[in-house]
Each structure stands twice: as C-alpha cells, then as structure tokens.
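Reader: I am new to this protein and would like to learn how its labels are earned. Could you walk me through it, one label at a time?

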Amino acid sequence: MFKKTKLKEYDTNRKGGLIAVGLREDDELISVNLTDGNHSVIIGTKNGMCIKFSQEDVRPMGRTAHGVRGIRLRDGDFVVGACLVSEDSKLLVISENGMGKRTEMDEYKIQSRGGKGIRTYKINDKTGNVAAIKAVTDENDIMLITSEGVIIRTGVEDISTLRRDTSGVKIMKLKDEVKVVSVAVVEKEEEAEAVKEEPESAWETDVVSKVYKTPVEEVTEGV
C-alpha cells in the first residue's frame with residue numbers, strides 16, 4: 001500500500017507522536033520518503049519484483065488513511081523497500097547473501113500503480129532473496145548491516161551497473177546462516193578509518209559491532 005500526505009499534518013508537539021498511517025492486520029510500515037510530489041516511485045519486493053509509477057497517480061490523503069495499492073504481491077512475497085527516482089540516480093539492489101548491483105532507472109518504465117511490476121533481480125541459492133532497494137548516485141556510500149551485527153561501508157561507484165534481470169556481484173562476504181538485514185545510504189566519505197571498539201567489560205563482547213571501509217573489488221566473485 002502507498003499514500004502521500006501533506007507534511008503540515010504531522011506538525012505537533014505531542015511527545016507520543018501521531019498516527020502516520022492506518023495499518024491493516026498483519027501489515028507493517030516499510031518506508032517513508034520526503035517528496036515534493038514530482039518524483040516517480042519505485043517499490044521493490046523480497047522476490048525481486050519492482051514497480052515504477054508516478055506520484056500523480058495518488059491524491060494526497062489524511063494521516064490515518066490506509067492508502068492505495070502500490071504493487072500487487074504474489075503469494076509469499078512482501079515489500080522490502082521503496083524509493084524516489086531522481087535524474088542522476090540508479091537503483092541499487094542488495095540481496096540477503098551480500099550480493100548486489102546498480103541498474104539504470106531507464107530500464108524501469110512507468111506503469112500504472114497496483115500492477116505486479118517487472119523482475120529486477122535474478123534470485124538463486126547463491127544470492128538469497130532481496131534485502132533492500134535504494135536510489136543511489138556516485139556521490140553516495142552504502143553501509144550493509146548483517147544479522148551478526150557486522151557493518152561494512154563501501155563506495156557506490158565501485159558497484160557494477162548491470163541490467164535488471166541479473167544477480168550482481170559479491171559486495172560482502174558472510175558466514176553461513178548470516179544475512180544482510182539492513183542497508184543505509186550515506187554521503188560519500190573519501191577516507192574512512194577502520195573502527196573496532198573494545199568492550200568495556202566481558203559481558204559486552206558479543207554485542208560489539210565492527211565497522212570497515214571495504215572496496216567492492218576485494219570481495220567480488222562475479223556476475
């Protein structure tokens with residue numbers, strides 16, 4: 001489901017916040033984006049499907065509205081992310097097993113909202129399902145966070161630009177049973193130091209995260 005609401009409706013001093021969207025049973029909020037209303041939207045799913053449509057297809061709604069259908073899901077599929085399309089951006093797709101790619105936005109034609117979309121990622125046992133989609137430019141870095149609490153940071157420009165129905169390259173090496181659970185886009189940093197915090201006490205040992213600046217070519221295994 002998808003909707004847009006005027007920002008002034010969220011102007012409040014209430015410490016408990018306001019309802020931002022009405023959710024149906026077994027549904028949850030996946031993505032929030034600030035927009036001027038002129039961008040197209042891309043919604044991506046776990047099983048590698050994407051749909052691109054114009055925001056003009058959706059009228060502004062109140063805070064508590066459920067919204068309208070953005071993409072029609074197949075059985076067992078669910079939305080993993082949504083992003084706004086800008087002129088110089090590409091679509092970044094990252095899989096659970098640490099593989100990913102960029103794809104030109106032109107490969108995604110504008111469709112009517114509510115359709116099943118088109119395939120944006122070739123899923124197999126090596127890749128795992130899609131973990132995240134993001135709109136990125138060469139001026140961005142990305143940070144991948146795993147289920148084990150490990151983070152790497154790498155430059156977007158080092159990630160291959162490939163066609164829609166491909167699997168991409170290895171971006172992060174993962175241990176067995178470890179998955180990518182979140183991806184964040186950040187401003188590009190020319191140089192970053194490796195950081196490894198020492199635990200203050202023995203009981204903290206298992207929860208200390210590791211952050212590394214990692215060139216993609218060091219872990220690339222192929223397309």
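Author: Gladly! Let us start with patches: they are made of residues with over 30% relative accessible area and no salt bridge, and nonpolar side chains are joined within 5 Å. Please keep in mind that this is a predicted model.

Reader: Which residues make a nonpolar surface patch here?

Author: L23, L29 and V32 make one, with an area of about 300 Å². V32 lies in the segment before β1, the strand of residues 40-45.

Reader: What makes V32 count as exposed?

Author: The word exposed is used over 50% relative accessible area. V32 has 68%, so V32 is exposed.

Reader: How many disulfides are there, and how do you know?

Author: A disulfide is a covalent bond between the sulfur atoms of two cysteines. The cut-off used is a pair of cysteine sulfur atoms within 2.5 Å. By this rule the count is zero. Take C50: the nearest cysteine sulfur belongs to C83 and is 7.5 Å away, so C50 is in no disulfide. Seen from the other side, the closest cysteine sulfur to that of C83 is in C50, at 7.5 Å, which is too far for a bond.

Reader: Are C50 and C83 buried or exposed, and what decides the label?

Author: Buried means under 20% relative accessible area. C50 has 1%, so C50 is buried. C83 has 6%, and therefore C83 counts as buried too.

Reader: What makes β3 and β6 edge strands?

Author: One open sheet of four strands has the order β3-β1-β2-β6, with antiparallel pairing. β3 (79-85) and β6 (118-119) each pair on one side only, and they are the edge strands.

Reader: How do you know that β1 and β3 pair?

Author: Two strands pair if DSSP finds at least two bridges between them. β1 and β3 have six bridges, so they pair, and they do so in the antiparallel sense. In one of these strands, β3, L84 is the bridge partner of V41.

Reader: Which strands form the open sheet with β7 and β10 at its edges?

Author: That sheet of four strands has the order β7-β4-β5-β10, again with antiparallel pairing. The edge strands β7 (130-136) and β10 (169-170) each pair on one side only. β4, residues 90-95, is joined to β7 by six antiparallel bridges. Here V93 has I133 of β7 as its bridge partner.

Reader: Why is strand β8 called mostly covered?

Author: β8 spans residues 140-146, and six of its seven residues are buried. On one hand β8 pairs with β11 (residues 180-187) over seven antiparallel bridges, where N140 has E187 as its bridge partner. On the other, five bridges join β8 to the antiparallel strand β9, residues 150-155. In that pairing M143 stands opposite R153.

Reader: What stands out about G149 in the hairpin of β8 and β9?

Author: The hairpin has three residues between its strands, and G149 takes a positive phi near 85°.

Reader: How many helices and strands does the protein have?

Author: There are zero helices and 13 strands. Of the 223 residues, 41% are buried. The accessible surface comes to about 13300 Å², and carbon and sulfur atoms account for 44% of that.

Reader: And what share of the contacts joins residues 24 or more positions apart?

Author: Among contacts with a separation of 6 or more, the share is 77%.

Note on methods: Residues are numbered from 1 along each chain as its sequence is written. This is a predicted model: local features need pLDDT of at least 70, side-chain atom pairs count only at pLDDT 80 or more; totals for chains, interfaces and linings use all residues. Side-chain values use heavy atoms; hydrogens and water are left out. Patches are made of residues with over 30% relative accessible area and no salt bridge: like charges are joined within 9 Å, nonpolar side chains (Val, Leu, Ile, Met, Phe, Trp, Tyr) within 5 Å. Accessible areas come from the Shrake-Rupley method with a 1.4 Å probe; for residues, only the protein chains shown count as cover. A salt bridge is a side-chain nitrogen of Lys or Arg within 4 Å of a carboxyl oxygen of Asp or Glu. Helices (H or I, at least four residues) and strands (E, at least two) are DSSP runs, numbered from the N terminus. Buried means under 20% relative accessible area, exposed over 50%, partly exposed in between (1.4 Å probe, protein chains only). Contact means heavy atoms within 4.5 Å.
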